[in-house]
Amino acid sequence: MDCDPIAHAEIAAIRMASSMLGNTHMLQATLYASCKPCPMRLTATHWTRIPRTVFAAPQEIANRTGLTDGNIKGQLCGQITSGLDN
């Protein structure tokens, strides 16, 4: 077990591809994911210029499994708190 909270498979794949290609821009790549990308993965695709992401499950299904990162936009905009501030 990695015990790294940002060791998402997609991030690891982007790191590996970038290293193999010797380039941080992947203008013709497609990222495949099991679920709608979280904000970190979405940002990684933006920075690496990956133009297409294909995912199997929408946010609603992720929410049912406990992966409720859909509220991060509100947290970033100051609309809600994370619950960690208590």
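Strands are DSSP runs of E with at least two residues, numbered from the N terminus. Ala57 lies in one such run, strand S2. The model described here is predicted.

The chain contains four helices and two strands. Read from the N terminus, the order of elements is α-β-α-β-α-α. The chain has 86 residues, and 22% of them count as buried. Its accessible surface comes to about 6500 Å². Carbon and sulfur atoms account for 58% of that surface. Among contacts between residues at least 6 apart in sequence, 31% join residues at least 24 apart.

Strand S1 spans residues 30–35, and strand S2 spans residues 52–57. The two strands run parallel and are joined by five bridges. Between S1 and S2 the chain passes through helix H2, residues 39–48. This β-α-β crossover is right-handed. One of the bridge pairs is formed by Cys35 and Ala57 of S2.

Ala57 has a relative accessible area of 12%. The cut-off for burial is under 20%, so Ala57 is buried. Beyond four places in sequence, Ala57 touches Ser34, Cys35 and Lys36. The C-alpha atoms of Ala57 and Ser34 are 6.2 Å apart, although 23 residues separate the two in sequence.

Arg52 is also found in strand S2. Its relative accessibility is 47%. Partly exposed residues fall between the 20% and 50% limits, so Arg52 counts as partly exposed. Outside its neighbours within four places, Arg52 is in contact with Ala29, Thr30, Leu31 and Tyr32. Arg52 and Tyr32 are 20 residues apart in sequence. Their C-alpha atoms are 8.7 Å apart in space.

The largest nonpolar core has six residues. These are Ile11, Ile14, Met26, Leu31, Ala44 and Ile50. Within this set, Ile11 touches Ala44. Ile11 also touches Ile6, Met40 and Arg41, again leaving out residues up to four places away. Leu31, another core member, is among the residues contacted by Arg52.

Two polar residues, Thr48 and Ser18, have contacts with members of this core. Thr48 is found in helix H2. At 10% relative accessibility, Thr48 counts as buried. Its side chain reaches the backbone oxygen of Ala44 at 2.7 Å. The backbone oxygen of Thr45 lies 3.4 Å from a polar atom of the Thr48 side chain. Apart from neighbours within four places in sequence, Thr48 is in contact with Ile14, Thr24, His25 and Met26. Ile14 and Met26 both belong to the nonpolar core.

Ser18 lies in helix H1, residues 9–21. Its relative accessibility is 19%. Burial requires a value under 20%, so Ser18 counts as buried. A polar atom of the Ser18 side chain lies 3.1 Å from the backbone oxygen of Asn23. With neighbours within four places set aside, Ser18 is in contact with Asn23, Thr24 and Met26. Thr24 and Met26 also appear among the contacts of Thr48.

Methods
Residues numbered from 1 in each chain as written. Predicted model: local features only at pLDDT ≥ 70, side-chain atom pairs only at ≥ 80, totals over all residues. Heavy atoms only, no water. Pairing = 2+ DSSP bridges. Right-handed = clockwise from strand over helix to strand, strands pointing away. Core = buried A, V, L, I, M, F, W, Y, C linked by side-chain atoms within 4.5 Å. Buried < 20%, exposed > 50% of the residue type's maximum accessible area, 1.4 Å probe, protein only. Contact = heavy atoms within 4.5 Å. Polar contact = N/O pair within 3.5 Å; in protein donor to acceptor, adjacent residues only side chain to side chain. Areas by Shrake-Rupley, 256 points an atom, 1.4 Å probe, with all protein chains shown as cover.
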